[in-house]
Amino acid sequence: MTRRHGFALLGALVGVVALVCAAIVSGLGLLDTGPVTERAGGSPDSRARVPVGTAAPASAAGWTGTWSAAPGGAEPGAPTGHPGRSIRNVVHTSIGGTSVRVTLSNLFSRVPLLIGHGSVGVGEPGGGAEAVAGTMRELAFGGRPEVTVPPGGQIVSDPVALSVPYDGDLLVTLYTPVSGGPVTYHPRAFQTSYLAAGDRALDPGGSAYTEPTTAWRYVTAVDVLNREAPGAIVAFGDSITDGQGSRPGANHRWPDWLADRLRDRHTGVLNAGISGNRVLADTALIGNGPSGISRFGRDVLDRAGVRVVIIDLGINDILRGRERDPEKITAGLRELTRQAHARGLRVIGSTLAPFGGHRGYNAVTESVRDRVNEEIRAGRIYDDVVDFDRALRDPYAPDRLRPVYDSGDALHPSDEGYRAMSRAIDLQALEGRAAAQL
């Protein structure tokens with residue numbers, strides 16, 4: 001037997017053992033039947049029973065995140081969900097593995113969410129709703145094909161043995177048979193997903209999926225078993241992390257480019273950006289998510305295998321929140337670092353990129369950005385710093401993006417701009433040990 005075949009056999013055995021263990025634990029009634037319920041504000045307030053099916057609470061033991069999307073709000077125009085329809089979410093992996101599990105969220109609803117059927121499969125290269133032949137797998141929750149996600153809560157599927165590719169698409173399909181509450185969604189996916197009428201969860205073909213959509217619904221994380229993975233890195237930020245300005249479907253957000261650089265290191269990269277997000281305050285705009293401080297635990301600390309977080313947040317506090325006191329912003333950023341340190345995570349923080357030429361730019365907003373950046377560069381907020389400002393700015397007009405890096409709105413980078421951001425990250429800094437003195 002060759003070494004390669006031996007590894008393949010070992011991976012298959014690991015997947016089988018994981019499935020058997022999950023079934024044994026479920027059968028003995030040892031799984032947590034009351035996942036922590038989180039209200040729209042983001043803090044746990046009670047334990048809610050799961051009336052249909054159960055699933056293990058998220059645990060990093062042996063699992064590493066390969067993809068994530070932070071829940072941004074309740075989908076407008078869908079107050080009772082999508083009854084009688086199948087939602088095929090197309091998500092892009094950073095690392096592969098031998099087994100997979102998915103996390104489903106009902107965060108922004110006060111009504112239980114019934115998932116009648118679910119599946120996961122490997123998507124055909126190039127996007128679309130069609131699965132690679134032989135890869136479609138039925139999801140289970142405590143051994144059952146259906147599950148009820150409690151109001152404000154989340155649930156994790158049983159492990160599924162599946163050869164998950166690096167840098168590939170997965171199709172996470174969810175059938176919702178009856179009306180539910182508002183849909184917990186991530187509005188700006190910059191990737192096309194699909195909807196179909198009826199229960200099409202196990203359809204390997206894409207012909208029934210006639211309605212394209214640019215949002216992800218209910219699914220917030222995908223984890224894999226990968227014996228070579230040292231852990232995952234979470235990119236935490238706003239629209240610049242979310243990928244606004246990048247080419248849809250190309251997976252050219254800066255966390256995607258970083259995943260490319262880290263592929264040989266088998267490190268997962270998870271995107272926890274929400275367009276419009278702020279450090280200090282929730283926003284009234286639909287889809288912009290709770291404040292960075294309130295969502296950090298859910299979107300960063302609870303992710304499987306996370307060991308490092310890269311924070312790029314604060315511009316919307318200046319532009320949308322009209323915060324004119326830089327010390328309030330830097331105090332909020334320090335609070336994020338404190339939360340991360342309490343869980344043993346290393347924190348890399350970025351300077352705020354230039355936005356000269358944007359409609360929100362003026363002498364006051366530029367001054368606030370400069371003062372925040374001064375504090376970041378001084379090393380008094382994060383364990384280490386990546387200087388996105390320096391990487392992106394025009395050397396002839398430092399308050400503006402370099403033209404080739406500008407997507408066209410003077411705020412969000414282009415594909416090449418996002419690539420430059422990933423190159424600015426010192427991979428050795430991700431392995432550092434010195435902690436910031438807060």
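This is a guided tour of one protein chain in a predicted model, given as a series of selections to make in the viewer.

**The whole chain**

Start with everything shown as a cartoon. The protein chain has nine helices and 25 strands. Colour by burial next: of the 438 residues, 58% are buried. Switch on the surface, and about 17100 Å² of the protein chain is exposed, with carbon and sulfur atoms supplying 52% of that area. For contacts between residues at least 6 apart in sequence, 79% join residues at least 24 apart. Several of the stops below show pairs of residues that are separated along the chain.

**Stop 1: Met136**

Select Met136, in the loop between strand 8 (117–122) and strand 9 (137–138). Is Met136 buried or exposed? Its relative accessibility is 17%, so Met136 counts as buried; the cut-off for buried is under 20%. Now add Leu202, which is 66 residues away along the chain, and draw the distance between the two C-alpha atoms: 6.7 Å.

To see the surroundings, show the side chains that Met136 touches. Leaving out residues up to four places away in sequence, these are Arg88, Ser119, Val120, Gly121, Ala131, Ala201, Leu202, Asp203 and Pro204.

**Stop 2: two residues with positive phi**

Select Phe190, in the loop between strand 14 (184–186) and strand 15 (193–197). Phe190 is not a glycine, yet its phi is positive, about 55°. Phe190 counts as buried because its relative accessibility is 14%.

Then go to Asn251, in the loop between helix 2 and helix 3. Asn251 also has a positive phi of about 55° and is not a glycine. With a relative accessibility of 12%, Asn251 counts as buried.

**Stop 3: helix 3 against helix 9**

From Asn251, move on to helix 3 (residues 254–261) and select helix 9 (residues 415–423) with it. How do the two axes meet? They come within 8 Å and cross at roughly 50°. That angle makes helix 3 oblique to helix 9. The crossing of helix 3 and helix 9 is right-handed.

Show side chains for the residues that make the contact:

- From helix 3: Trp254, Trp257, Leu258 and Arg261.
- From helix 9: Asp415, Tyr418, Arg419, Met421, Ser422 and Arg423.

Coloured by residue class, this contact between helix 3 and helix 9 divides into five nonpolar, one polar and four charged residues.

Keep helix 9 selected and drop helix 3. Which residues of helix 9 are buried? They are Asp415, Gly417, Tyr418, Ala420, Met421 and Ser422. Helix 3 is one of the elements that the buried residues of helix 9 pack against; the list also includes helix 2 (239–242), strand 21 (306–312) and helix 8 (388–392). Show these elements together to see what surrounds helix 9.

**Stop 4: helix 4**

Select helix 4 (residues 292–301), which is mostly covered, with seven of its 10 residues buried. Pick out the buried ones: Gly292, Arg295, Phe296, Arg298, Asp299, Val300 and Leu301. Arginine and aspartate are on this list alongside Phe296, Val300 and Leu301.

**Stop 5: Gly332 and helix 6**

Select Gly332 in helix 6 (residues 326–342). Gly332 counts as buried because its relative accessibility is 4%. What does Gly332 touch, not counting residues up to four places away in sequence? The contacts are Val279, Leu280 and Ile293. Ile293 falls within the residue range of helix 4. Add Ala281 as well: Gly332 and Ala281 are 51 residues apart in sequence, and their C-alpha atoms lie 9.9 Å apart.

**Stop 6: helix 6 against helix 7**

Stay on helix 6 and add helix 7 (residues 363–377); the two axes come within 9 Å and cross at roughly 40°. Helix 6 and helix 7 are therefore oblique to each other. As for handedness, the crossing of helix 6 and helix 7 is right-handed.

Show the contact residues:

- From helix 6: Pro326, Ile329, Thr330, Leu333 and Arg334.
- From helix 7: Val368, Arg371, Val372, Glu375 and Ile376.

By class, the contact of helix 6 with helix 7 divides into six nonpolar, one polar and three charged residues. The tour ends here.

Terms used: Residues numbered from 1 in each chain as written. Predicted model: local features only at pLDDT ≥ 70, side-chain atom pairs only at ≥ 80, totals over all residues. Heavy atoms only, no water. Axes fitted to C-alpha atoms, helices over the stretch in contact; angles between N-to-C directions. Helix = DSSP H or I, 4+ residues; strand = E, 2+ residues; numbered from the N terminus. Parallel < 35°, antiparallel > 145°, perpendicular 65-115°, else oblique. Left-handed = near helix turned anticlockwise from the far one by under 90°. Contact = heavy atoms within 4.5 Å. Nonpolar A, V, L, I, M, F, W, Y, C, P; charged D, E, K, R; others polar. Buried < 20%, exposed > 50% of the residue type's maximum accessible area, 1.4 Å probe, protein only. Areas by Shrake-Rupley, 256 points an atom, 1.4 Å probe, with all protein chains shown as cover.
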